[in-house]
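User: Could you take a close look at one part of this model for me, the place where its two domains meet? I'd like one connected walk-through.

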Amino acid sequence: MSAVAVPQGPRPRSLSIGRLSVYGFLIVVALCFLVPLWVMIATSFKTMDEIRLGHVLAWPASFTIEPWLKAWSSACTGLACDGVKIGFWNSVRILIPSVIASIAIGSLTGYAMTFYRVRGARTLFVILLLGAFIPYQVFLYPLVRMFSSIGLYDSLTGIVVVHVVFGLPLMTLLFRNYYGALPIELFNAARVDGAGFLAILRHVILPMSSPILIVATILQVTGIWNDFILGLTFAGRSNRPMTVLLNNIVNSTQGEAAYNVDMAATIITALVPLAVYFFSGRWFVRGIAAGAVKG
Amino acid sequence: MVDVAATSAPQAWLRARSRLLSQLPAAIALLPAAAAVVFVYIGALAWTVRLSFSSSKMLPVFDFVGLNQYQRLFGTERFVVSTWHILVFGILYIAGSLIIGFLLAVFIDQRVRLEGVFRTIFLYPYAMSFIVTGLVWQWFLNPELGLQKTVRDLGFPSFSFDWIVDQDKVVFTLVIAAIWQSAGLVMAILLAGLRGVDAELWKATRIDAIPTWRVYVSIILPILTPMLATVSILLAVAVAKLYDLVVAMTKGGPGLSSEVPAKFIMDNFFERSNVGLGAAAATILLISVASILAPWIYAEHIRPQRVRK
Amino acid sequence: MSAVSVRDVGVRIGAVSIFENFSLEIKEGEFVVLLGPSGCGKSTLLNAIAGLLDVAEGQIWIGGKNVTWAEPRDRGVGMVFQSYSLYPRMSVEENLSFGLRIAKTPKAEIAARVAKAARMLQLEPLLRRKPAELSGGQRQRVAIGRALVRNCPVFLFDEPLSNLDAQLRNELRVEIKKLHQELGNTMIYVTHDQVEALTLADRIAVMKGGVVQQYASPYDIHRHPANLFVAGFIGSPAMNMIEGSLVPNGPGWRLDHAGGSIDMSRYAFAAPPAGGPAIVGVRPENIAIGVAPAERSGAQGRVTIVEPMGGETILWTSFAGKPMTIRVDGESPVRLGDEISFHFDVARASAFDAQTGRRL
């Protein structure tokens, strides 16, 4: 048979080398990206005896959840041996008011800046934006002095205020961009109907804000949960968030480190943002696209 | 003439008053933001700069010692090596994140199956705290029990990967961990850019018989340039802020070999009671960030407005 | 050697079938317009001819070669898109020459071809500009130039004028027509705009739902629409449709409708009709005002709307209980509310079977 097929119908497909290398590259890189997560999980279920053998990539031979229990309730930082649970609850106590307050103030600011021409609002916005790029270190010391002089230092209120202040640029930008894209006719129509500042916000603008509220919540929950430097500086002894506690547990160990406990504590700390990430799916991507300023 | 002036003045006043009243709620709503700007973004910043010209040690004092603190700063080995580290880190980290992120975006853009799975895997590190990243990599790169030991046990006894305890190479381990965390961010942003490219443009390149790689290099990359610039700025700002990762992963060690400016500032403010010196370092950091930002702000925001006019 | 032939082609996108057993013959040097409402498959067909889309069945021949499996670059086609699709960061000159440079065409040859295209399309003063600095019309001229420099025997246009405003659309339409007269190559042009189709085409393929409704010259499409869809789609304002029933009338036929009857004896039926429900279509421009001469059908009505359009005026009245439009000269003295007499020649009307929609 030497007859060549008459070209007809779809082009014959073959898995080309190009196609294979695309998948090859993606799979190899994906494995590299997964290794740390794998190591973290595997280690957290191993006994210290098994860890001392040094097979960091191996799945635990003698599976144990002991390290998780220890990490949660009895891992030590210096002399205190209470695990990360205190930090977890501290983080929750910081997280909830900070997220609510920063989104409330951010949306209010974005709304006022978009629809009203208050003198100086534009300058305010520009300074806020620039502020988002400046490392916290530039502000921290004077802020600590200010906070101690008004009694906010080392307090839950203090750390919440700090989160709101440093979350303000991103939140304002987010809401201002979103509201700026809404048709101005909506606002004008409500105004012609006689609605005031708050009435328009409540009945017209907020009902249309759910997408941006979701994005803002995702950004703030992960951002505030993951914060270290602000919690370290402002929360004080009694409100230390989980990241600070975790770092203390791992990095202030005397003698041999309990790597399995460390990794269990690390996973527990990463759990909240990871859960937000996996469950929010495309919203998370939308968030980083909208708020890529965070850096 | 007199009449006109007499009637128009109260009218103007009335108009101004009604305008003021209608803007009043908005002005009140902006008060928290205004307070944040005045007290923090301007006030605290100015205060820090002011302190850098004082002799403050443990507590702030408001004397004036000129540039003494700056002189001292550049004579301090810890700060000089910190600056050097951050430069090396910054260049490698930004270049690495951009290259890997761009490649990932391009490869994912080839209509691959399981695209969502790949994207999720590449981006998940970005969801985590730098503290978590630092601790994981610290453990994974542990020379006695981590990667090095495992590879040696696999039958490569001479394999050596002890960078995290090597004074000359520890910065590179920070680079690896940081790229691991950020490459997915670059990928996500660039992928959005790639998806925004007009489908007809791709058709045109096929009619013109341009090879795919050439399309990416000669046509797509130039389209993505503004996006790449923005991402680079984000990464550069992250470099200046680099603190958590170092604290968790290396604590600045071994010795001073992974110290960075942001950590130098924190240590001097809150542990070493060298407020003046810390303030000087913070001011230098501020100037560096401003000098990175200025050309970008000009190119992205000021120049386009002029062109439009 | 550049006729295009589409033979029994089926195209599917995902599970959706866009067309089945589709065939179309385009002669060498012919200007064919694929005309139809959006979603009729005309752009899909063009993409399949270009090779940008795989066909599921059938063959595509260009210039006597079976190109069904060929890459777009090997088909000898140039293509112009609705969104211009210029390479954004390259100058006009680089846009024109990029494909040739990739193909390693000799420099002198590239320069000559670019110069020729630039001259034909009046792009010479713009060669150094970037696409962003060009108007829409200029951009589309560059896109045409990009197809031109490739010396292709076949040109494909995918709604090239749809993004332009009316004025530019007219200008560029004339230029495309001129280009075809100068180059004489085969051109396939997709549009939903009947004016473009009627002015440009040698033949128009009117498409709907993946099926060619009529494939004929612009004159025939307008004068002898093959079915109700073509009759309604072509012409503005649309053809007036008179519904009724064909009944024998002596040696011939007449149409009985709600307001009376129309003598069809002067109408040239395609085949002897069977009678029954039918629709007679009369174009607004074929209706005259005044008392009907003997051989014509006439009626009276009150003018309910007057739409002056400059050179001409559209009058709305009613006939057989339905609105009817009449196109008259712009100088016409008829005013709103006037009672008018009007009449038309059945020989210039079109009759359709009311059930099948086919021309009788």
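Analyst: Sure, let's start with the buried area. Domain 1 of chain A and domain 2 of chain A bury about 740 Å² between them, with carbon and sulfur atoms giving 75% of that; buried area here is the accessible area (1.4 Å probe) that two parts lose on being put together, summed over both. On the domain 1 side, A:M40, A:S44 and A:M48 supply 60% of the area buried against domain 2 of chain A, more than any other three residues.

A quick word on the ground rules. This is a predicted model, where local features need pLDDT of at least 70, side-chain atom pairs count only at pLDDT 80 or more, and totals for chains, interfaces and linings use all residues. Residues are numbered from 1 along each chain as its sequence is written, chains are lettered from A and ligands numbered from 1 in the order in which they are written, and side-chain values use heavy atoms, leaving out hydrogens and water.

As for the layout, domain 1 of chain A covers 17-64 and domain 2 covers 85-294, with bounds from an automatic or database domain assignment. Their centres, taken over C-alpha atoms, sit 33 Å apart. Nine residues of domain 1 of chain A are in contact with nine of domain 2 (heavy atoms within 4.5 Å).

What about salt bridges? The rule finds zero across this interface (a side-chain nitrogen of Lys or Arg within 4 Å of a carboxyl oxygen of Asp or Glu).
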